[in-house]
Amino acid sequence: MTMKIDAKGMHYRTLNKMIRDAVASGEKEFELDNIGGQRYIGAGLNENVKITINGTSGNDLGVFMNGAKIIINANAQDGIANTMNAGEIIVHGSVGDIVGYAMRGGKLYIKGDVGYRVGIHMKEYKKQVPIIIAGGTAGDFFGEYMAGGIMILLGMNEKNPLVGNYVGTGMHGGVMYIRGKVDPYHLGKEVSCLELSEEDIKLISGYLKEYCEHFGFDFNAVMSGKFTKLVPLSLRPYGNMYVY
Amino acid sequence: MESQLPAEFIVNIDHERCRKCKRCVMNCSFSAIEFKDKVTANNRQCVACHRCATFCPENAITITQNPLDYKDGYNWSPEIRKNILKQAESGGMILTGMGNPKPYPIYWDHMLIDACQVTNPSIDPLREPMELRTYLGAKPEFLEFEGDPGNISLKTELAPQVKLDIPIVFAAMSYGAISLNAHKALAMAARRMGTLMNTGEGGLHEDLAGYADRIIVQVASGRFGVTSKYLNNSALVEIKIGQGAKPGIGGHLPGEKVGEDISKTRMIPVGTDALSPAPHHDIYSIEDLSQLIYAIKETTDYKKPVSVKIAAVHNVAAIASGIVRAGADVVMIDGFRGGTGAAPMIIRDHVGIPIELALAAVDDRLRQEGIRNRASILVGGSIRQSADVVKAIALGADACVIGTASLIAMGCRVCQKCYTGNCAWGIATQKPELVRRLNPEVAADRLCNLLTAWGHEIQEVLGSLGINAIESLRGSRERLRGVGLNQEALDILGIKHAGIGQ
Amino acid sequence: MKSDGIPSGCAISGLMSEDGRRINGKKIIESIACMHDRSNGLGGGFAAYGIYPKRKDMYAFHMMYDNARAKEDTEEFFKDHFNVDKDEAIPTHRQNGISDPPILWRYFLEVPENKLEFLSERDYVAKTVMKIHSEIEGSFVASSGMNMGAFKGVGYPEDIGRFFKLEEYSAYIWTAHGRFPTNTPGWWGGAHPFTLLDWSVVHNGEISSYGINKRYLEMFGYKLELRTDTEVIAYMFDLLVRKHKLPVEIAAETLAAAFWKDIDRMEPGKKKIATAIRQVYGSTLLNGPFSIIIGHNRGMIGLNDRIKLRPMTAARKDDMLYMASEESAIREIAPDLDEVWSPRAGTPVFGTLKAGVE
């Protein structure tokens, strides 16, 4: 049974407490209607529950989340998947800035565009490899300070530019795949561009198949594009800055 | 490039006394002592950590400053000349450790405490109650009660409060900056003394999970090791915005310090640099801070007080007011003399303001706005002795934070080489052979002794002030007088000059 | 000369009829006179409740003026801020030992409706009292409550009492104070009781936590001009009981809170209250030696500090409650008592006017 909540005019504190309490008493599925800006949905949720959101969700959706699955049938705002540890977020729309900040695990699939500073300080640890896939374009500082994980930007809507300035500035871990050509002028100093290997293609195919299923994209059409792979030049970009 | 830098120290070995036991050689972690037929010093490597001198069974080692004289120059001090040489040889920013050593005024040493004579009695702390218990957390402006006289019950639900048996907590020092044994010692001492230790931004080692109720867990810009479990496994959660030793800049744990264990608590791969960005990238404005505070409260079900730590900077009073209004339960202010494991010297020595002035300004501002009750104030940044704690509390702090003092208690000699990872005392290092040198049990005893002694000293002062609860000192600036301060400083501190009565 | 800020020793006495019977002022003079040696002639005073039954719903302002100019300025101020029903000189009698009194005048005031758009009547009156103290040079409000008044000045308390002709007043509560200041300010306003609205405080001792008590009150808009800890106590009660609406017994508990050692042993309900009081009201704890008698329109509260550094005796006889620094001061006026006891440290004694009695 799905627990339905009409969140019209409800404060986030009330809404999130309702969800937490219901999860504690064993509820597994939620459908939230008339969401309008309520923050922190799924904050710190450790349980394997599914939340469907109808309406524009508020900032910090999935913050510190650790295993839940959230489906958003609209655009989402800033701070989505902030410091997320595990779980899955699927957005049938576009999202704002600071997406997946310090995200350490789980999946964030976005159908449309992403804003500024996406995947900033994203990191990975052992089996926890976070992945962000966005179907549209991205703003500046894509993958800034990136320390781990995988980001894929598809540019399906063919808007220009595909990605903003300072891509991967300060990057010291992880990998980005951008479908299309990235002007070197847009790259941060700490990044190098590579061709995709067989293994890369195998890797992204797995994720992209799943991604395409969520949004009804044609997998082959997606894979037919030419991808650019971005990796850090060094794991220690600032090692020579100091004297003792 | 060949270095033109002279040695800073000279290691003198008294070969008459030396029995060639080589203990000094084994103890030196900076390669400053070798054995070639006899004990030989490599003066250039010596940092004056005193490990060799302390462990020499014959007291055959002394360490002196290199008496190398420079041509007189008040403006071009030897230190400035040496720094230029270093940079000319490397092109690097000068990195350093511990707190600001420059001779800026220390306002603690310009404040004197009152005592009772005749008109009100002093109290004997050895025989009468003398209460130091302090609670950290937001307090309501007033309490509401219900029921009839004789059967009154409390209606107000208080925000979460953390109990301290002594108003001194251990400062944030990450596992990474300091060793696991040092962390263990701090946690054990915190539990025994009824106070708190602070993980810093490096996550929490699994060995310390059992100390959750005595631990402040920090959320810094790098979010290392931050999970919902980490947030909930704590007494209090602290958002670190800034640090007194390096306001406005990020942190940098070099990859060589990220071994297997550090990698586990920080949740990053072995050998990668742990870079903490300068800002939190989800906080670009005060309303964003509020957003993060409430993200943490949502994640901890409003059961943990949330602290926000800032460095003392020019506009600290207004910033602190904003932090309180953003929903913080505790504001931690770190003065410009606060310590660090590593910071660029230009920042450590030239940025920020003294904690004494910052504290006075913040407490005043919160009172003017009528919101002082909404958050506890913790202050740190070179609290060196119990007298500093007393003065800080009289200026308005709820409790003090000690970092360097606690390291010194464990054995630190303030050689300022924390960033090298070669700490001979097993404190600021991750090298197993050095970490082993610090016995957590012994170090915890030393920390407990320090706090016990300071607790007695604080009680002694309270008794002489004629008060028997720490809250009667808190903010009671009437009991302080300034000496040798100008009017502006007195006004900011909110105290009168010595010689002026009530 | 408002800023004396002098530490002082003292004698205090208080009596009340819980039935609301009116007691002649002679009694309280006799009681406080018995403790003559606790004072040094530099201050004495009284508070009396129930003395203005005809104008019991008006604010009775007892004023002290240094000069005619101060009186003029204050009367102008009253005209702007109140409806003045009546004003007159406070009757006095030439008395040996009393010299150089200020101009003593009383006013019966009502608050015009249009002044109360944004604040309550009592807030308004409290604010005007503080305004007079801070803005009108040479003008001092000795008391400002309804159906009560403070009579105080420089001299031994018994002389002050006769000077003010207290034998012509009858009150259901009387409190008195004889002062032993350790320097010589000779300012009439500095004598006890200190008052605000109908709160009056007589106080023996000095509070070592004055600095923080004062700063705490300032956070709530109180202006403390007198630099005395007794003023702090009067304002504290105003804040805690009138503004924060704490039950009187809780308010008393905040001033002399239990020790943690004892709180830790309390049963859960009490422990929760005592803990919250210390967490929230740490800054109102009066630390240091004190015994005080607080008067208000519905009763009297006696309280001493939590380690009993100042003396206090309480006694009952029929509907009468007595409290004083020394038992002898009670026996002097009521030799035959039902019960006499020394209140324990930090444990308040309450006298409460019976319901329905005015």
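## A strand pair in chain C

C:A60 stands opposite C:F108, which belongs to β6(C). The two strands involved can be followed further: β4 (residues 59-65) and β6 (residues 103-110) of chain C run antiparallel and are joined over seven bridges. Here, strands (E, at least two residues) and helices (H or I, at least four) are DSSP runs, numbered from the N terminus, and two strands pair if DSSP finds at least two bridges between them.

Before going on, please keep in mind that this is a predicted model, in which local features need pLDDT of at least 70, side-chain atom pairs count only at pLDDT 80 or more, and totals for chains, interfaces and linings use all residues. Residues are numbered from 1 along each chain as its sequence is written, while chains are lettered from A and ligands numbered from 1 in the order in which they are written.

## The sheet and its helix

In chain C, an open sheet of four strands follows the order β5-β6-β4-β7, with antiparallel pairing. At its edges lie β5 (83-89) and β7 (139-143) of chain C, each pairing on one side only. On average, neighbouring strands in this sheet are turned by 30 degrees against each other, direction ignored.

Helix α3 (residues 121-135) of chain C packs on this sheet, where it touches β4 and β7 of chain C, and its direction makes about 140 degrees with that of β7(C). For such angles, axes are lines fitted to C-alpha atoms, for helices over the stretch in contact, and values run from 0 to 180 degrees between N-to-C directions. Contact is counted when the C-beta atoms of two residues, placed from the backbone, lie within 7 Å.

## Domains in chains A and B

Chain A is assigned domain 1 (1-84) and domain 2 (94-244); such bounds come from an automatic or database domain assignment. Their C-alpha centres lie 26 Å apart, and the contact takes 10 residues from domain 1 and 13 residues from domain 2 of chain A.

Chain B has domain 1 (9-92) and domain 2 (134-497), with C-alpha centres 35 Å apart. Nine residues of domain 1 of chain B are in contact with seven residues of domain 2 of chain B.

## How far to trust it

The model scores ipTM 0.92 and pTM 0.93. Chain C averages a pLDDT of 92, and 96% of the residues score at least 70; pLDDT is the predictor's confidence in each residue, from 0 to 100. Residues 1-7 of chain C have pLDDT below 50, and this stretch has 21 contacts in the model beyond near neighbours in sequence. Where pLDDT is low, the predicted coordinates should not be read in detail.
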